[in-house]
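Visitor: I'm new to this one. Could you walk me through it, one question at a time?

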Amino acid sequence: NAQAEVVRQIALGGSLATAFESIAGFVATALPGFGAVAYVREGDCFVGWGSGIDLDGVTAVEHALATDPAYIGALALSEAEPKLSTDLPDDEHWHRASAVVGNGARSIWSVPIRHDRGSPCVGCLEIYGPDATLPRDDDWIVIQLVSRLAAIAVDHSIMQARLAQDANVDPLTAIPNRRVITSVL
């Protein structure tokens, strides 16, 4: 079961990239023909993992999310609501998605990654489809599940980084603790 594999990757403390690749695999299983890339904010930029578009497309979307407030994914993040675009080659309004169109996608379903409607967005999940179509009711169930799994993966990654920091840095002085110093010597 693809959903169980995603949860397993998160529970085992795998990298965020591995968890997101499992999430993309889940999308491919649940929505045949579709691909997914999860984009997470890292400072002032975004980093994406998954499948469905090639590396050049992922890089173009990372750039668009960081610099183009009118890009569909940036709108999904800023408005904290899903944004859908179908029939991309003919949709003048979403011409910014040309890197994705070049990968054969005809539709993008861009969904903020967050636990629930009241939670802050920690990233953006984009689902790329070969057909000009809107999500059906069953698709929305998958999309919501995947968005929550992605949010759990991000939270887990942040928590692991925080624990590693706490294990190596004195919380009062913010300098390396005895453990770090003795391991260097």
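**A first tour**

Guide: Sure, and keep in mind that this is a predicted model. To start us off, buried residues make up 42% of the 185 residues in the protein.

Visitor: How many helices and strands does the protein have, and in what order do the elements run?
Guide: The secondary structure comes to seven helices and five strands. Reading from the N terminus, the order is α-α-β-β-α-α-β-α-β-β-α-α.

Visitor: In what order do the strands sit in the sheet?
Guide: Five strands form an open sheet, and the pairing is antiparallel. The edge strands, each pairing on one side only, are β2 and β3. From one edge to the other, the order is β2-β1-β5-β4-β3.

Visitor: How many bridges join β4 to β5?
Guide: These two strands run antiparallel, with β5 covering residues 123-129. As part of the picture, I108 stands opposite Y128 in β5. The number of bridges joining β4 to β5 is seven.

Visitor: Which strands does helix α4 touch?
Guide: Let's take helix α3 (residues 55-67) before that: it lies across β1, β2 and β5, running at about 145° to β2. Helix α4 (residues 72-79) packs on the sheet too, and its direction makes about 160° with that of β3. The strands α4 touches are β2, β3, β4 and β5.

Visitor: Why does the pair of F20 and W49 count as tilted?
Guide: A search of the whole structure finds two aromatic pairs. In the pair of F20 and W49, the ring centres are 5.6 Å apart and the planes stand at 35°. Planes under 30 degrees apart would count as stacked and over 60 as edge-to-face, so at 35° this pair is tilted.

Visitor: How many residues apart in sequence are the parts that F20 and W49 tie together?
Guide: F20 lies in helix α2 (residues 16-30), while W49 is in strand β2 (residues 45-51). F20 is buried, with a relative accessible area of 1%, and W49 counts as buried at 19%. The pair therefore ties together parts whose separation in sequence is 29 residues.

Visitor: What about F34 and W109: is W109 buried or exposed?
Guide: The rings of F34 and W109 have their centres 4.8 Å apart, with planes at 35°, so this pair is tilted. F34 lies in the loop between α2 and β1 and W109 in strand β4 (residues 107-113), so the pair ties together parts 75 residues apart in sequence. F34 counts as buried at 14% relative accessibility. Buried means under 20%, so W109, at 0%, is buried.

Methods. Residues numbered from 1 in each chain as written. Predicted model: local features only at pLDDT ≥ 70, side-chain atom pairs only at ≥ 80, totals over all residues. Heavy atoms only, no water. Helix = DSSP H or I, 4+ residues; strand = E, 2+ residues; numbered from the N terminus. Buried < 20%, exposed > 50% of the residue type's maximum accessible area, 1.4 Å probe, protein only. Phe/Tyr/Trp six-rings, centres within 6.5 Å; stacked < 30°, edge-to-face > 60°. Pairing = 2+ DSSP bridges. Contact = heavy atoms within 4.5 Å. Axes fitted to C-alpha atoms, helices over the stretch in contact; angles between N-to-C directions.
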